[in-house]
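Look at the sequence and the model below before reading on. The report then goes through a few salt bridges, some paired strands and a spot on the surface.

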Amino acid sequence: MELVTAQSGFSAFFWDINFDCQIGSLRIYDTDSDRSTDPDAGVLEFQNYTVLNGYLNTETQPVSFDIFSIEDEAHPMDGHSYMMWTALDWQQNINYAVDRFLFCGQDIGSLFLDEVQKPSYYMMIGSHGSGIDFEYGIDLDIGAATYQYNASATDGSFTLSNITLAQNFSDMDDFDIDDSSTWNIPTDASLWEANGHFVIGDVDNGNPATIDIGYNTTDNFGAMRISLPMAGSIRVESLEFGSRNFGPLAIDGLQVHRLDVYLLTN
């Protein structure tokens, strides 16, 4: 325990950890849903969730975990409490797989993430009523992300290869929309110079990301709402639908003040 310190939270180093993990079923329940006639009402389920060839390591800075409350009448989130996990020197290489992703019993496909690396990130998470508030800042690289939405069809997949999320990229420093000579953004992912965190949620300005799951007992359907305000830049070396390749994707200076996603059962 000599590598762990604690007071209002704790800090710890992780050195050369290798692991694998398999979970047959991971279920998240909405506690307000009536499951007396439908056991899947208000349930989000991941079947055969697998973590493969996991590797974790910290070198120069420890990981820290803290619990705190905002006590400032001028702050838009005054009175809210949060857990915060900070890892500013985080070496990882992990592969994730979910064979079946179900929402209220409805199978909506499979998800695979290969070679997920995030050299620096932080996570704040709190609550509102029966929902979750959070802010997530991340410097992220993913070798490939594949969503298999139709297992019976040969073209039933969507794949993004060599994904990078960050606050910005150095090759945009001299970019001018009116000067085509500055539009030479490299398509080779190895040449991208990422800076800072891509951020989902904005606690300081009273606009955290949120997740809510509920069930309408009158019309008999479940619903999940995800609110994802975000800011940063995204690069993707290759975007594919089935066997068709649409080439690279670059989104720089993204600022989303409001994005609400609703998932409804039928």
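Is D260 buried or partly exposed? The model is a predicted one, and in it D260 has a relative accessibility of 23%. Buried would require a value under 20%, so D260 counts as partly exposed.

**Salt bridges**

The structure holds 7 salt bridges. D260 takes part in one of them, since its side chain meets that of R258. R258 is exposed, with a relative accessible area of 68%. The table lists this pair and two others.

| Pair | N to O distance | Relative accessible area |
|---|---|---|
| R100 and D107 | 3.1 Å | R100 35%, D107 38% |
| R235 and D252 | 3.1 Å | R235 1%, D252 25% |
| D260 and R258 | 2.9 Å | D260 23%, R258 68% |

The side chains of R100 and D107 form a salt bridge. R100 is partly exposed at 35%, and D107 is partly exposed at 38%.

R235 and D252 form another salt bridge, with their closest N and O atoms 3.1 Å apart. R235 belongs to strand β17 (residues 230-241) and D252 to strand β19 (residues 249-256), so this pair ties together parts that are 17 residues apart in sequence. R235 has a relative accessibility of 1% and therefore counts as buried. D252, with a relative accessible area of 25%, is partly exposed.

Salt bridges also link R27, D40 and E45 in a network.

**Strand β16 and its partners**

Which strands pair with β16? One is strand β15 (residues 209-216), which runs antiparallel to β16 and is joined to it by 7 bridges. Within this pairing, Y215 has G222 of β16 as its bridge partner. The two strands, β15 and β16, form a hairpin with 4 residues between them. In the turn of this hairpin, N220 has a positive phi of about 60°.

Strand β20 (residues 260-264) also runs antiparallel to β16, and 5 bridges join the two. Here M224 has L263 of β20 as its bridge partner.

How many of the 7 residues of β16 are buried? The number is 5, so that β16 (residues 221-227) is mostly covered. As a general point, side chains in a regular strand alternate between the two faces of the sheet.

**T146 and its surroundings**

T146 is part of strand β10 (residues 131-148). Its relative accessibility is 16%, so T146 counts as buried. The side chain of T146 makes a polar contact of 3.2 Å with the side chain of T159. Apart from neighbours within four places in sequence, the residues in contact with T146 are S110, L111, F112, S157, F158 and T159. T159 is thus named twice, as a polar partner and in this list of contacts.

**A nonpolar patch**

L111, one of the residues in contact with T146, lies in strand β9 (residues 110-128). L111 is partly exposed, with a relative accessible area of 37%. Together with Y147, Y149, F241 and F246, L111 forms a nonpolar patch on the surface. The accessible area of these residues together is about 480 Å². L111 therefore appears both in a surface patch and, at 37%, as a partly exposed residue, while T146, with which it is in contact, is buried at 16%.

How values were computed:
Residues numbered from 1 in each chain as written. Predicted model: local features only at pLDDT ≥ 70, side-chain atom pairs only at ≥ 80, totals over all residues. Heavy atoms only, no water. Buried < 20%, exposed > 50% of the residue type's maximum accessible area, 1.4 Å probe, protein only. Polar contact = N/O pair within 3.5 Å; in protein donor to acceptor, adjacent residues only side chain to side chain. Contact = heavy atoms within 4.5 Å. Pairing = 2+ DSSP bridges. Patch = residues over 30% accessible without salt bridge, like charges linked within 9 Å, V, L, I, M, F, W, Y side chains within 5 Å. Areas by Shrake-Rupley, 256 points an atom, 1.4 Å probe, with all protein chains shown as cover. Salt bridge = Lys/Arg side-chain N within 4 Å of Asp/Glu carboxyl O.
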